[in-house]
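I opened this entry to look up how aromatic rings pair and how two helices pack. My notes follow the display.

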Amino acid sequence: MSKVANSEHEINEVARHRKRINLYKRIIIILIIAMILLPTILCVVLFLRLNYVSNKLDELSKVVYSNSQNLVVDNDVNQNQGEKGTEPDYYNSNSNTNNKPENPTEPSTEAPTEPIVVPPTEAPTQAPTETVPDVPKIPGATEYSDEVKQALSKGRKVVYLTFDDGPWEKTDAFLDVLNQYGVKATFFINYHEGFEDELIRMREEGHTIAMHSYSHVYEHVYGDISEFESEIVKLQDYIFSVTGVKSTIFRFPGGSSNSKTNKIHTYIDYLNDNGIVYYDWNVASADATPGGLPASKICNNVINGVKGKDVSVVLMHDAYDKDTTLEALPMIIEKLQAMNALILPITEDTVPVHHNHISTGG
Ligand code: ZN
């Protein structure tokens, strides 16, 4: 009896032992599977994460690039004849700037073309953090508006027609032409007493009234920072008192690359601090060429400049002696409209065009 009991006991022992071994086997197999699966899952997760970070980095570098595009050299500007420093000088420090000059036919030459020196990159004032890209502290739109994007995607040119140094007695005629073609433009104005009706008309007809300094006298505009500030504030107040518009758009007399000052960065800092956006140009009509240009030549300069760019900011003048600019304007608009170009006024949504700046100069 006891023998039978013993052998039963042994059989049970063996069965239990097998069970335990099977359990161990299962545990080992599960462990091995886990050790294979876990790294694979981790790899997949890390790969997806890497893709996300890489896409994010692309987006950020695009933003930084589009900002830096506005700051660095516009090579086209240098290639275009007379594009820089071609501002006529109707003004000098001895004249009363409220009155029209006595000898309006001879704008003096100024700001000879100089080789453009790229200034050393300015050190950012803020330490970059891990999440915020190092975007330069420049007000103004950093990407094209939907309207501009849509036009560009259809292969259309986008053109901003700008007129400096007015308003004068010819400004009404310029407005008539723009009105006739249903085109809105941008007027970078100075303070000229007695032309308030022209400013009101600009506002009523949907053009942009922008600032070009109060006096346009280089010695005043490019004096110390308090003089520069006064040139801005007085003009801004004047425009507001006449039109009710607070202008935050500015163009430096002579452009930001002018050779009249070596302190342009100080003035730019002032504009940035006060939310004022400055615009240069990348297409010059060269209508300020001493002695004047025939209308056909002005028109060709504009159209050839526009053809070479997707987005053009065209420099013209609506001053009292700009007969050929006025004569050229209908031709220019007709050609642009024949090209199906989108002609817009500059607004706060417009991505600025900036020249590079001469860091040392006279
Ligand atoms: Zn000017």
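I counted the aromatic pairs first and arrived at 15, keeping in mind that this is a predicted model.

I then looked at Trp168 and Phe195, whose ring centres lie 6.3 Å apart with planes at 70 degrees, so I entered the pair as edge-to-face, the class for planes over 60 degrees apart. Trp168 sits in the loop between β1 (158-164) and α4, while Phe195 sits in the loop between β2 (186-189) and α5, so that I noted a link between distant parts of the chain, 27 residues apart. I found both Trp168 and Phe195 to be buried.

Next I took Phe250 and Phe252, which I also entered as edge-to-face, because their ring centres are 5.0 Å apart and their planes stand at 80 degrees. Phe250 has a relative accessibility of 1% and therefore counts as buried, and Phe252, at 0% relative accessible area, is buried too. I listed these two rings within one aromatic cluster, whose other members are Tyr218, Tyr222, Phe228, Tyr267, Tyr270 and Tyr278.

Finally I turned to the helices, where α4 (residues 171-181) packs against α5 (residues 196-204) at an angle of about 15 degrees, with 10 Å between their axes. I therefore recorded α4 and α5 as roughly parallel to each other, and their crossing as left-handed. On the α4 side I noted Thr171, Asp172, Leu175, Asp176 and Asn179 in the contact, and on the α5 side Glu198, Arg201 and Met202. Sorting the residues of this contact, I got 4 charged, 2 polar and 2 nonpolar.

Definitions and conventions
Residues are numbered from 1 along each chain as its sequence is written. This is a predicted model: local features need pLDDT of at least 70, side-chain atom pairs count only at pLDDT 80 or more; totals for chains, interfaces and linings use all residues. Side-chain values use heavy atoms; hydrogens and water are left out. Axes are lines fitted to C-alpha atoms, for helices over the stretch in contact, and angles run from 0 to 180 degrees between N-to-C directions. Helices (H or I, at least four residues) and strands (E, at least two) are DSSP runs, numbered from the N terminus. Angles under 35 degrees count as roughly parallel, over 145 as roughly antiparallel, 65 to 115 as roughly perpendicular and the rest as oblique. A crossing is left-handed if the near helix is turned anticlockwise from the far one by less than a right angle, and right-handed if clockwise. Contact means heavy atoms within 4.5 Å. Ala, Val, Leu, Ile, Met, Phe, Trp, Tyr, Cys and Pro count as nonpolar, Asp, Glu, Lys and Arg as charged, and the others, Gly among them, as polar. Rings of Phe, Tyr and Trp (its six-membered ring) pair if their centres lie within 6.5 Å; planes under 30 degrees apart count as stacked, over 60 as edge-to-face and the rest as tilted. Buried means under 20% relative accessible area, exposed over 50%, partly exposed in between (1.4 Å probe, protein chains only).
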